[in-house]
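Please take a moment with the sequence and the model below before reading on. The paragraphs after them go from the whole chain to its helices and then to the residues packed between them.

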Amino acid sequence: MALDILAMAPLYQAPAINRIGPKTDPSKRPADPLKPLVLSRTKLTTIEAKRIMSILDEAIYKVELVTLLSYVASNREDMEGMLGEDVMRAVREHQDLCQVLLENVRCLKEKERQLQEQKEAEEEGWLRDRLLSIELQKSSLSPLTQQIKDSTKNVLRLLLSIPQAARLLQMQTQGRSAEAQNFIDSLIELRGFLFEKLLTSPMEARDKAQFLQDISRQNSNNQQIIDTLEKELAERMKNRNAEEELEDLDAVHREEKISLEELRRRHKVLVGEFAQIREEREINSKKRMEAEQEMVRMVRAATLIQALWKGYLVRSLLRSKKKRGKGKAKDKEKGKQKGKEKGKGKK
């Protein structure tokens, strides 16, 4: 099955790896805590187990060879002297078949893509012919696939008929793809699991299962204890954080208290300065009001004096006019009397 899968894939390249052997000697492992997991045997004893491991080892060996065929195809001149003409001819034929398969698959995907793009625009008859062409091309892939499988088996048969050439090819560690390497790693890991399984007797398997159950139960109990301790730790850390916080708040409170005292001191100084300024302003305002009132009184007094002076001048002027009128009247009266007296004298 592994060879069939590799026969269908392109020829990959990637580094080779060493095959693993049996598990480490149990005598070198800690005996007490993991005693149920230590295998009592290190070698396979039954023919069936040996056959199973032999088949798996052969499959891994063949997979390692198949995944290096691309390296052989890309280095024909270097590999031809080492592998021989028959092997190289088979590799070239195998490579040609793989290229044909890849080209057919590429063309098939391109046709399917075009069909999806033109599905709505083309006529129904054209679509039917296109689908029929795609189905025919798909059906042609099966015989080609079988030819590649047969070609892969033929190359392996030729390589295995020349053990020295196969071993030399296996040593070419510079040419295997990551995908092929991962596949081989999985097979080797499977071999390790299978080897351990075949070494384990039914009683050992039962003891191992019981041991794993006990370990799982113990692990569950330990996990519960760990969860409880973690909760307690989290609670204590929370309380402790609440206490870092209280200390921080206390430190902040002390700093703010010092700042408040400083502000109070400054406020007291400012209040004193403000009171002094306000007192000076009140004094100045009082003086200004008194000066304004004095000015008002002076203006009123000046106005009164001016009014009195004007009244006095008017009265004085009136009196002087009155006196002059009276003097003129007296003079006129006197003139009249003098005239009368002169008239009487003439008579």
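What follows is a walk through this predicted model, beginning with the chain as a whole.

The chain holds nine helices and zero strands, so that, read from the N terminus on, its elements run α-α-α-α-α-α-α-α-α. Of its 347 residues, 21% are buried, and the chain exposes about 26300 Å², of which carbon and sulfur atoms supply 55%. When contacts between residues at least 6 apart in sequence are considered, 82% of them join residues at least 24 apart.

Two of the helices can be followed from end to end. Helix α5 covers residues 85-117, and because a helix should advance 1.5 Å a residue, its 33 residues should span 48 Å, which agrees with the 48 Å between its end C-alpha atoms. Helix α8, at residues 178-199, has 22 residues and reaches 31 Å from its first C-alpha to its last, close to the 32 Å expected.

Which residues of these two helices are buried? In α5 they are Val87, Met88, Ala90, Val91, His94, Gln95, Cys98, Leu101, Leu108 and Leu115, while in α8 they are Ala180, Gln181, Ile184, Leu187, Ile188, Arg191, Gly192, Phe195, Glu196 and Leu199. In reading such lists it helps to recall that an α-helix has 3.6 residues a turn, so residues three or four places apart point the same way.

The next step is to see how helices meet. Helix α4 (residues 76-83) and helix α7 (residues 163-170) pack at an angle of about 145°, with their axes 9 Å apart. Met79, Met82 and Leu83 of α4 make this contact with Ala165, Leu168 and Leu169 of α7, and by class the contact has six nonpolar, no polar and no charged residues.

Some of these residues return in the largest nonpolar core, which has 21 residues, and in which Leu65, Val72, Met79, Leu83, Val91, Leu159 and Leu169 touch the most other members. At least two residues of this core come from each of α2 (47-66), α3 (69-74), α4, α5 (85-117), α6 (124-160) and α7. Met79 shows how such a residue is placed: leaving aside residues up to four places away in sequence, Met79 touches Tyr71, Val72, Gly84, Met88, Leu169 and Gln172. A second, separate core has nine residues, among them Leu101, Leu127, Leu141 and Ile148; of these, Leu101 has already appeared among the buried residues of α5.

Key
Residues numbered from 1 in each chain as written. Predicted model: local features only at pLDDT ≥ 70, side-chain atom pairs only at ≥ 80, totals over all residues. Heavy atoms only, no water. Helix = DSSP H or I, 4+ residues; strand = E, 2+ residues; numbered from the N terminus. Expected span 1.5 Å × (residues − 1). Buried < 20%, exposed > 50% of the residue type's maximum accessible area, 1.4 Å probe, protein only. Contact = heavy atoms within 4.5 Å. Areas by Shrake-Rupley, 256 points an atom, 1.4 Å probe, with all protein chains shown as cover. Axes fitted to C-alpha atoms, helices over the stretch in contact; angles between N-to-C directions. Nonpolar A, V, L, I, M, F, W, Y, C, P; charged D, E, K, R; others polar. Core = buried A, V, L, I, M, F, W, Y, C linked by side-chain atoms within 4.5 Å.
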